[in-house]
Amino acid sequence: MALAYIGVGSNLGDRQAYLATALGSVASLGTLVAGAPIYETAPVGPVDQDAYLNTALAIETSLSPEDLLTRLLSIERDNGRVRDVKWGARTLDLDLLWYDGLVVNEPDLVIPHPEIRNRRFVVAPLLDLEPSLGDEAGPYATSLADLSAQPISRVTGPVAPGEHRWLQGLSSAIALEALTGDNWGFTSHRDWANSGGDMFGAYLTAVSLLAVRHVAPGMAPVALTHRFLRAVRPGKDGTVRVIEDRRTERSLDATVVLSVDGHAVGRSTISLLAVVPELAYAPDAPNVDDMSSTEPVERLARSIGAEVGASARNWNPLENWSDPGLNGNDGGVLRMWSPNVAIGSADPFLAAAALLMPMDAAIWPLTMNSLGVLRDGPAVSTPTIELSALFTDLTDQDLHHLAEARIDHRTASSVAGTVRVWGPDGGYRGIGHSQNLIRRQHPLHAS
C-alpha cells in the first residue's frame, strides 16, 4: 500500500457539498487515513472568479500513481468539472500532490506537484496532515514564511476519525442565540469536548468572549480571567449573561456568567479597549526548530497508549514530547506550535479565543513530563480551575502560534503555569496563567 496526499478544491455551486462528495469518492480509492480542515482561499491566476474552498486528504492505496490520477480525473468529471479555461472556475478539483515519496516527471503526471511550495492553500492543509512532509528540497513547512501574503481562512476542523464529515470549527460551534436583555443561549458542541467527555476549557472561555463581542462593537479584548465552576457535558443547553461593570467610550469591563441547568458553570471578567496600546516591552521569541520537527498531538498520545478528545483533534497542536524544547531539552519548558483555529478572521474575539488554546492546554504535557510519566504512564488529567490571559494587538493573521509553557508551582495535587505565545514572525501575542488540579486516572487518557 502506498501513502498519497490529494488536494481538493471547489469554487462553483455548493462548494462544501462538492468537498463532501470528494471525501467519500476519494476514500473509495483506498483507506482514508486523515482529512485536513477546510480553508477558504482567493483564486489563483488571471481569471475573475469566486473564492475557493480547499482541503487535503491522505489515503493508503494499492493503485499506481497513474491509475490513481485517472480515477481522480474521473471523479472530477462525474461532478461536472469542465476544463475549458486554464485557471478557470471548477465544481471540483482533485490534485495528486504527493505519492509515497516518489518523484515522477512525465508529460501528464508530475509528482510531487510542482506548485506545492507556491500555494498557501496547499501547504497549510498538508502540514495539518503531516508537518514533516516534504520533497528533495526539504520540508514543505519551510515554505510558509514566503506564502504569508496569500490570504487564507480556516472554515472547519479536520475530518472526524471514522466519519465522513468535518469537525465544526470554533466559530460555528459557538452559535449564540439572542435571548432577553444581555442573555444569550448556547449549546455545548461535541466537537470541542476533551477525552474525559467534558467540554474543553478554552471552548467555554471562548463562549464568554464571543458573548461580550455582542455588547462591545468596535472593541477588542485585552484581558480576561475565567473560573471553571462545574464541568459541562457536550450537547447541553446553557445561557450566557453579560453584566457591564464599567463602560466608557473607549473601554468596557464586563462580568460574564455561564449557566447550565440553572447552575453557574463558569464566571469570567473581561476587559476591552477600543484601541489596544502598543507594547513597551515584550520577551523575544525563543529560537526553535520549524514545524517539521513536530508531530500532531493525537499521534503522540497514541504512542503512549493514550487517547485525545475531539477538541485536541479539532485544534491539532504540534508537539515533540521526546524533546520538549524542540531544539534542545530545556528542562521544565515545553514549546509547541499551535495552529490558529481563527486564521483569516478579522474578529479580535475569535483571535483571542485561538490564543486561549495553548494557554489552557500546554500545561498538561508539561505536567506529565515534570512528573516523569509522559511517555510511560500512568497518565494524569489536569482540569483547569482558573485561566487568565493578557492579549496584545490581535490583527496579525498567523497560520500558527509558538507557545512556551513553564511550571511556576506544583504540588502533589495542583499545578500552576505560565504560557507565552508568539507569532511565527517573532511578534509577541499574549500571556496566560493556568491553575490546574492533578488527577491520576486509569486507563490512560490525554486531556
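Which residue's side chain meets that of R429 in a salt bridge? In this predicted model, the partner is D425, with a distance of 3.1 Å from N to O. The two ends of this pair sit in contrasting surroundings: R429 is buried, at 4% relative accessibility, whereas D425 is exposed, with a relative accessible area of 56%.

This pair belongs to a wider set, as the count comes to 18 salt bridges. Among them is the link between R247 and E244, whose side chains meet at 2.9 Å, N to O. Here R247 is partly exposed at 40% relative accessibility, and E244 is partly exposed at 35%. Another salt bridge joins D253 and R246, at 3.2 Å from N to O. D253 has 23% relative accessibility, so it counts as partly exposed, since buried would require a value under 20%. R246, with a relative accessible area of 42%, is partly exposed too. Salt bridges can also be chained together, and E130, E295 and R299 are linked in such a network.

Attention can now turn to the interior. T41 lies in strand 3, which covers residues 39-41, and T41 is buried, with a relative accessible area of 5%. Its side chain makes a polar contact of 2.8 Å with the side chain of N54. Beyond its neighbours in sequence up to four places away, T41 touches A51, Y52, N54, F121, P151 and I152.

Helix 9, spanning residues 363-370, is largely enclosed by the rest of the structure, because six of its eight residues are buried. These are I363, W364, P365, L366, T367 and M368. Just after helix 9 comes G372, which takes a positive phi of about 75°.

Terms used:
Residues are numbered from 1 along each chain as its sequence is written. This is a predicted model: local features need pLDDT of at least 70, side-chain atom pairs count only at pLDDT 80 or more; totals for chains, interfaces and linings use all residues. Side-chain values use heavy atoms; hydrogens and water are left out. Buried means under 20% relative accessible area, exposed over 50%, partly exposed in between (1.4 Å probe, protein chains only). Helices (H or I, at least four residues) and strands (E, at least two) are DSSP runs, numbered from the N terminus. A polar contact is a pair of N or O atoms within 3.5 Å; within protein, one must be able to donate a hydrogen and the other to accept it, and residues adjacent in sequence count only if both atoms are side-chain atoms. Contact means heavy atoms within 4.5 Å. A salt bridge is a side-chain nitrogen of Lys or Arg within 4 Å of a carboxyl oxygen of Asp or Glu.
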